[in-house]
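Reader: I've just opened this one and I'm not sure where to look. Could you pick one spot, look at it closely, and then work outwards from there?

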Amino acid sequence: MCECVSVCGGPMGLFNRPRKKNEVEVLIEGYLNTVTLCCDSFHHSMQEYFSTGLLTDEFMRYERQTHQFESEGDDRRHALEEMMYEKGLIPQSRGDIMALLEAMDHVPDQMEAVVQTIYTEAIQLPANYRERFTKLTALNVETVQKSVALFLLFLRGERNVRESVRHIDQVESQSDRLERELVYGIFRDPQIRDVEKLILRNLIVVLGRISDEAEDFAELVGVCAVKRLF
Amino acid sequence: MWLYLSSSVFMGWSLGANDAANVFGTAVSAQVIRWLKAAVLSAVFILAGAMLEGTKGIQTLGSLASQDTFQAFITMLAAALCVALMTTLKLPVSTSQAVVGAMIGVGLVIGEPIRWGVLRKIVICWLGTPVGAAVLAFGLYYVFSFALGRMHLNLFTYDTFVRRCLIIFGVYGAYSLGANNVANVTGVFYQTGTISMRTACLLGGCSMALGVLTFSKNVMLTVGQGVVPLEGFGALVTVVASAVTVHVYAWVGVPVSSSQAIVGAVIGVAFVKSVRLIDRRMLGRIFFGWVTTPVLTAVFAAGLMLVCRAGFGI
């Protein structure tokens, strides 16, 4: 399902000796794992929905899981915020991590919003749009996965942060283009009723906001990384 | 004798209470270390610095002018009162400049010749303190950033590194402060022969340590943030540069201002980032402090000495 994440990739520390992990570091890894699990559940729920076009039991199971992981992520984030003050990180590190966690937290919120929108509005997806919705979902999921990886790159002090930020930006642009194409197509489709057009447009906007949030997060990582450049 | 020495103890107490913020203010205000631990470490290492390397500064300050015990008392009282007054008025003040100013003021009243060669050396060092700290901070920023850039530290290792260094160099800064500034506390009395060199170092170090332990908390928590308004790495470079600068002047044997050293270091770091970051008002305040502190204390000490002469016929 998911790959567990690790900040130090070893863990190795100064002068390549094994390094004992800091409690904050362990909690951040836990939080990022939860985001990854939330993303997996979201992706599975969407795949299920797009393959059948119905709110099946399997979809409902993944919808609940997405909600659970989103809530768990919130709890972990709150625990992290408290821990960061107790563990006495320097204000610069604390400020950066807090801001990044807050920005990252919008991503699972948005994934949850998508599956809940589908569930509460019982959206019927026209069969001829499923493929493009699947592609849109895949692009948005990709930005989430890249954002988690980017957070780890930043924490590890890697140099290629800028490239990752640029990559997320490119995927977000692809998602934007596809969103526009979808809305354009839906509103010119005579087989879809007006009310359904509005509902589908709302779904596209909510879905596309995942990559918007991921892009905002990536830009913030870029700023934090520049501040740390020596 | 102890009544006379009380003015020195007061000066040392005030110096310890205020200047410990220059070495541990950043670490305490950033919650890297608790105030009590910082205060104990500062007190111990200020005393160590005073005992191990305080003698040179005491000899230099003592050689500036000859005074008897009462004149030394007036000098220290005038300097301590001026420092307290200027601190209350939130004006930049240096205890080193206050003591030298007071010595000159008293010397002029009693007609005792000032050794201008010694004074010239001291003034050059005063000018060299912020400039030297700025140059050192500028260079250290590049050296440290080159070394850290090669290490590829992850954020937590980097954080731990900065935190540990802030404590280690805070300790070193406290040692330098003790070594350099103990002369301001007891140097005047040493030259009168009232106390021996060992007693001068011990009394000066202890009174500064007492100031740190009893009255530095608020200064560290509030002033500490204002002294170094930089992120972790910049703050570390500032603390290192100012500690080294103050220590160098302890070797040279001239007491200088740790506050001016840290301000100079902040300017040096600001130069690395952008010249526009430098606060010109702050520069104006430093220049104002340089001029007013010795002049004001000289006038005040001379006035106090004249009053004592007129009132008590001393």
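**Starting from one residue**

Author: Let's start at B:Ala209, which counts as buried because it has 26 C-beta neighbours inside 10 Å, and 20 or more is enough for that label. Before going further, keep in mind that this is a predicted model. B:Ala209 sits in helix 8 of chain B, the stretch covering residues 197–215. So what does B:Ala209 touch, once residues up to four places away in sequence are left out? The answer is B:Gly16, B:Ala43, B:Ile46 and B:Leu47. For a sense of scale, try measuring from B:Ala209 to B:Tyr142: the two are 67 residues apart in sequence, and their C-alpha atoms are 34 Å apart in space.

Now step back to the chain around it. Chain B is built from 12 helices and has 0 strands; read from the N terminus, its elements go α-α-α-α-α-α-α-α-α-α-α-α. B:Ala209 has plenty of company, with buried residues making up 60% of the 314 residues in chain B. Sequence neighbours aren't the whole story here either: take the contacts in chain B between residues at least 6 apart, and 88% of them join residues at least 24 apart. Along its principal axes, the C-alpha atoms of chain B fill a box of roughly 70 × 35 × 30 Å. How does the radius of gyration fit in? Chain B comes out at 19 Å, which agrees with a compact globule because one of 314 residues would be near 20 Å.

For a closer look at how these helices pack, follow helix 10 of chain B. Helix 1 (residues 2–29) of chain B packs against helix 10 (residues 232–252) of chain B, with their axes 10 Å apart and an angle of about 160°. Angles over 145 degrees count as roughly antiparallel, so that is the label for helix 1 and helix 10 of chain B. Helix 1 of chain B makes a left-handed crossing as it passes helix 10 of chain B. On the helix 1 side you'll find B:Asn22, B:Val23 and B:Thr26, and they meet B:Ala235, B:Val239, B:Ser242 and B:Ala243 of helix 10 of chain B. Sorted by class, the residues of that contact are 4 nonpolar, 3 polar and no charged.

Helix 10 of chain B also packs with helix 6 of chain B, this time at an angle of about 135° with the axes 8 Å apart. That angle makes helix 6 of chain B oblique to helix 10 of chain B. The crossing of helix 6 of chain B past helix 10 of chain B is right-handed. Among the residues meeting here are B:Gly132, B:Leu136 and B:Phe144 from helix 6, and B:Val237, B:Ala241 and B:Tyr249 from helix 10 of chain B. The residues of this contact divide into 13 nonpolar, 5 polar and no charged.

Helix 6 of chain B turns up again where the chains meet. There, 19 residues of chain B are in contact with 18 residues of chain A. Helix 6 (116–151) and helix 7 (155–192) of chain B each give at least two residues to the side that touches chain A. Which helix supplies the largest share of that side of chain B? It's helix 7 of chain B, with 7 residues. By class, this side of chain B holds 9 nonpolar, 7 polar and 3 charged residues.

Cross over to chain A and you find 6 helices and 0 strands. Buried residues make up 42% of its 230 residues. Of the contacts in chain A with a separation of 6 or more, 79% come from residues 24 or more positions apart. For one helix pair, take helix 5 (residues 161–187) and helix 6 (residues 194–228) of chain A: their axes come within 9 Å and cross at roughly 165°. That makes helix 5 of chain A roughly antiparallel to helix 6 of chain A. Their contact has 14 nonpolar, 4 polar and 10 charged residues.

One last stop is A:Ala122, in the loop between helix 3 (91–121) and helix 4 (130–156) of chain A. Buried or exposed? A:Ala122 counts as exposed, because it has 9 C-beta neighbours inside 10 Å. Its backbone deserves a glance too: the phi of A:Ala122 is near 45°, a positive value in a residue other than glycine. Most residues other than glycine have a negative phi.

Key
Residues numbered from 1 in each chain as written. Chains lettered and ligands numbered in written order. Predicted model: local features only at pLDDT ≥ 70, side-chain atom pairs only at ≥ 80, totals over all residues. Contact = placed C-beta atoms within 7 Å. Helix = DSSP H or I, 4+ residues; strand = E, 2+ residues; numbered from the N terminus. Nonpolar A, V, L, I, M, F, W, Y, C, P; charged D, E, K, R; others polar. Buried ≥ 20, exposed ≤ 12 C-beta atoms within 10 Å, placed from the backbone. Axes fitted to C-alpha atoms, helices over the stretch in contact; angles between N-to-C directions. Parallel < 35°, antiparallel > 145°, perpendicular 65-115°, else oblique. Left-handed = near helix turned anticlockwise from the far one by under 90°. Rg over C-alpha atoms; globule rule 2.2 N^0.38 Å.
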